[in-house]
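Here is a short tour for anyone who likes to read a fold by its numbers. Please have a look at the model first, and then we can walk through it together.

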Amino acid sequence: MRILVNALSTTNLSGRYVLLGHLTNLAKWTSGKHYYTVLYHKENRDICQNLGGNVKWMECPDYTANWAGRVWWEQTVLPGKLVKLSIDFIFMMSGAVVPFLRLPQVSLAMNPVPLINGLEHNTIGSIKVALQKRGYKKAMSTATMMFFLSEYMRQMYRQNAGFCEKESEVVYAGINEDTFKASERIRTLIVKKPFQIITVSVMAPHKGIETLVRAIDYVKRSYKVPVQLLVVGPWPDKSYESKINKLVAELNLKDIVKFKGYATREKLNQYYAESRLFCLISRSESFGIPAVEAQVFGLPVVSSNCCAIPEVCGKGGIYREPNDVQGIALEIFNLLTDDNKCKEISEAAKLNAERFRWEKSSRPLLRMFDAAANGNT
């Protein structure tokens, strides 16, 4: 079969990571049987890699990097490309489908942000969110098969649509083998900092960094623990970055909360290895890649109970309401000071992380070929 992989919407770091992880396995497992053409644009050109002779890359016009331009191109230009390339079905990475196409479409839902209630948007942003939600509902009714990055995502889509999809499967992200190898190599070589906490993410407003900062302040003041927090990741929303910096200054935490920004893989592995635990009090995570990476290094996870992280991290974590500053602070305090409890959850974290080897995570995607074949009949 000839599959068109529409990666035009895959613009953030986690989306790129998931795409390449799954596509690497699919290309390997189906070599000589299935062939893939991957659509990209100038803004995500870095996804282009040599994945074998059955994967080709097609660059689309620059304006497809923009959401509105992408929608227009998909509905006006793409149909002709499908005929020219003799495509059998489309694999969408956006959680949506291209309307009015007769070909089977399989869609992977990864982005929960449009489905989060309570986020502030400007007028243009609100219109985009409304159209995305409508597009997600359309995918639920017309996609040959839906894949969801977690059960949490599947339930969010069902709630938004008001009905269930035709056929679906949860397909988790995987963790790169290099991360497992790095953990085995450096975990015993780097000295543990017994009061250091790490949080890793793209620091968007729904990540709840202000809650974590307030919890750190509570641990410092109420429990008198010399806690340290490393905040690792880029800040796409500069106003949110300013808000958090102002909060840290107001609470007099500049010597305690360290902003590291983007970190190389080598540096990130070092931060994981030297830290005591991982925290992310996010209001919505479709999976939580950094949380599982931290578990590879044996870090217990403290996170919110309203997203996919409890589902994904299991017994290797503790979960609280995302606004419960004192409760989160208590869990942090207990893990920083109770070695037996920390060790117990650390062992559970390492065991849990083994579920997310790419070889295991990508297997459910193989169902798409039978689903698409049945969709052609």
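What follows goes from the overall fold to the surface and charges, then to two loop residues and the cysteines.

## Overall fold

Please keep in mind that this is a predicted model. The protein contains 15 helices and 13 strands. How does its radius of gyration relate to the globule rule? The value is 21 Å, close to the 21 Å that the rule gives for 377 residues, so the protein is as compact as a globular protein of that length.

Along the principal axes, the C-alpha atoms occupy a box of roughly 65 × 45 × 35 Å. Sequence-distant pairing is well represented in the contact list: of the contacts between residues at least 6 apart in sequence, 69% join residues at least 24 apart.

## Burial, surface and charge

Of the 377 residues in the protein, 53% are buried. The accessible surface amounts to about 17,000 Å², and carbon and sulfur atoms account for 51% of that area.

If you are thinking about electrostatics, here is the charge count: the protein has 49 positive and 35 negative charges. The mean positions of these two sets lie 3 Å apart.

## Two loop residues with positive phi

Which backbone angle might catch your eye at Lys 224? Its phi is positive, at about 55 degrees, although Lys 224 is not a glycine. Lys 224 sits in the loop that links helix H7 (209-223) to strand E9 (228-232). With a relative accessibility of 67%, Lys 224 counts as exposed.

Asn 252 is another non-glycine residue with a positive phi, here about 60 degrees. Its loop runs between helix H8 (238-250) and strand E10 (257-261). Asn 252 is exposed as well, having a relative accessible area of 61%.

## Cysteines without disulfides

How many disulfides does the structure hold? The count is zero. Why is Cys 60 not bonded to another cysteine? The closest cysteine sulfur, in Cys 48, is 10 Å from the sulfur of Cys 60, which is too far for a bond; the cut-off for a disulfide is within 2.5 Å. Cys 60 is also buried, at 4% relative accessibility.

Cys 313 takes part in no disulfide either. The nearest cysteine sulfur to Cys 313 belongs to Cys 307 and is 8.7 Å away. Is Cys 313 buried or exposed? Its relative accessibility is 0%, so Cys 313 counts as buried.

Definitions and conventions
Residues are numbered from 1 along each chain as its sequence is written. This is a predicted model: local features need pLDDT of at least 70, side-chain atom pairs count only at pLDDT 80 or more; totals for chains, interfaces and linings use all residues. Side-chain values use heavy atoms; hydrogens and water are left out. Helices (H or I, at least four residues) and strands (E, at least two) are DSSP runs, numbered from the N terminus. The radius of gyration is taken over C-alpha atoms; the globule rule is 2.2 Å times the number of residues to the power 0.38. Buried means under 20% relative accessible area, exposed over 50%, partly exposed in between (1.4 Å probe, protein chains only). Contact means heavy atoms within 4.5 Å. Accessible areas come from the Shrake-Rupley method with a 1.4 Å probe; for residues, only the protein chains shown count as cover. Lys and Arg count as positive and Asp and Glu as negative; His and the chain ends are not counted. The place of a charge is taken as NZ of Lys, CZ of Arg, CG of Asp or CD of Glu.
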